[in-house]
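Okay, thanks for making time, everyone. I'll put the structure up and we'll go through it piece by piece.

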Amino acid sequence: MKYVTAKRAGLVSCHACGRVEPRIRSVTPQHCGRCGARLHSRHPDSLMRTWALLIAAALLYIPANLLPVMHTSSLLGSEDDTIMSGVVYFWTSGDWPLAMIVFVASIMVPMLKLSVLALLAVTAQRRSRWRPDQRTTLYRMVERIGRWSMLDVFVITLTVALVRFKSLAVITAGPGAIAFGSVVILTMMASMQFDPRLIWDHVESRSQKPQDLDHD
Ligand SMILES: [Zn+2]
């Protein structure tokens, strides 16, 4: 099978309006002939930015799980809950659907997204030719999950509202919630910075010689 990218064919597309035009090699940056946006054949510094955001997200994932996300204080005393103790609490109190939602949304999904993005970044960096179709599917999956990432924050908000309504307990968000929110946002930004076309840049028949492989 032979794959030819637009970049290799000397074409560049506009990120803003989608117009495809011939790439002009010059010192001055090229601008779109239709909307005037600056043209890049690949997102500038895509891998470097993806890595920076991914590492930051992975580091914040630790306090997001260790620090309390919820602080409950009532007449009986106060209590701090981490994500995991919240899951255990919901599970033991019979709220297993809620326990499942919190577990999937705040432990499984962020872990999965971080590992998939790291895999995509590593393989793109190593100019891998390994399963480009499947890697593209993984990228699309991460993009699709992205919009559901805030589900957990929503669940916490809902619980806070419910408990406040039902009892005298006062629930406030703990520092873990800020860390968790940051993990979600940073992972989203990382997946936005990753240019999926990098997956295909090195997939071609071996006889073809790459004309240029600079990332600009
Ligand atoms: Zn344009």
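Let me start in a loop: Asp 45 sits between β2 (20-22) and α1 (46-66). Before I go on, bear in mind that this is a predicted model. The thing that caught my eye at Asp 45 is its phi, which is near 50°, so a positive value in a residue that isn't glycine. As a reminder, most residues other than glycine have a negative phi. And is Asp 45 buried, exposed or something in between? It has 14 C-beta neighbours inside 10 Å, so Asp 45 counts as partly exposed.

There's another residue like that. Arg 127 has a phi near 55°, again positive and again not a glycine. You'll find Arg 127 in the loop between α3 (96-125) and α4 (132-146). Arg 127 counts as exposed because it has 12 C-beta neighbours inside 10 Å, and 12 is the upper limit for that class.

Okay, stepping back to the whole chain. We've got six helices and five strands, and from the N terminus the order reads β-β-α-β-β-α-α-α-α-β-α. Of the 216 residues, 25% are buried. As for the contacts, take those between residues at least 6 apart in sequence: 64% of them join residues at least 24 apart.

Now the sheet. Which strands form it, and in what order? It's an open sheet of three strands, β4-β3-β5, with antiparallel pairing. The edges are β4 and β5 (170-173), each of which pairs on one side only. Ignoring direction, neighbouring strands here are turned by 15° against each other on average.

Let's walk across it from β3. On the β4 side, five bridges join β3 to β4, and a hairpin connects these two strands through two residues. If you want to click on something, Ser 74 stands opposite Gly 77 in β4, and His 71 has Asp 80 as its bridge partner, also in β4. On the β5 side, β3 and β5 are joined by four bridges, antiparallel again. There, Ser 73 stands opposite Val 170 in β5.

Next up is helix α2, residues 83-92. Its buried residues are Ile 83, Gly 86, Val 87 and Phe 90. Where do they fall around the helix? Looking down the axis of α2, they fall within an arc of 100°, so they line one face of the helix. What covers them includes α1, β3 (70-74), β4 (77-81), α3 and α6 (175-193). So both sheet strands and helices are among the elements covering α2's buried residues. Just after α2 there's one more positive phi, about 90°, at Gly 94.

That brings me to the core. The largest nonpolar core has 33 residues, and the members touching the most other members are Leu 54, Ala 57, Leu 117, Val 183 and Ala 190. Which helices supply at least two residues each? That would be α1, α2, α3, α4 and α6. And α3 gives the most, with nine residues. In general terms, nonpolar side chains tend to be buried together in soluble globular proteins.

Let me zoom in on Leu 54. Setting aside neighbours within four places in sequence, Leu 54 is in contact with Leu 114, Leu 117, Ala 118, Ala 121 and Ala 190. Two of those names, Leu 117 and Ala 190, were also on the list of members touching the most others.

Last stop: an arginine in helix α4, Arg 135. Is Arg 135 buried or exposed? Arg 135 has 21 C-beta neighbours inside 10 Å, so it counts as buried; the cut-off for that is 20 or more. What does Arg 135 touch? Leaving out residues up to four places away in sequence, its contacts are Leu 120, Thr 123 and Ile 199. And for a distance to check on screen, the C-alpha atoms of Arg 135 and Leu 119 are separated by 8.8 Å, with the two residues 16 apart along the chain.

If you remember one pair from today, set Arg 127 beside Arg 135: Arg 127 counts as exposed, whereas Arg 135 counts as buried. Right, that's my tour, so over to you.

Note on methods:
Residues numbered from 1 in each chain as written. Predicted model: local features only at pLDDT ≥ 70, side-chain atom pairs only at ≥ 80, totals over all residues. Arc of directions from axis to C-beta. Contact = placed C-beta atoms within 7 Å. Core = buried A, V, L, I, M, F, W, Y, C linked by C-beta atoms within 7 Å. Pairing = 2+ DSSP bridges. Axes fitted to C-alpha atoms, helices over the stretch in contact; angles between N-to-C directions.
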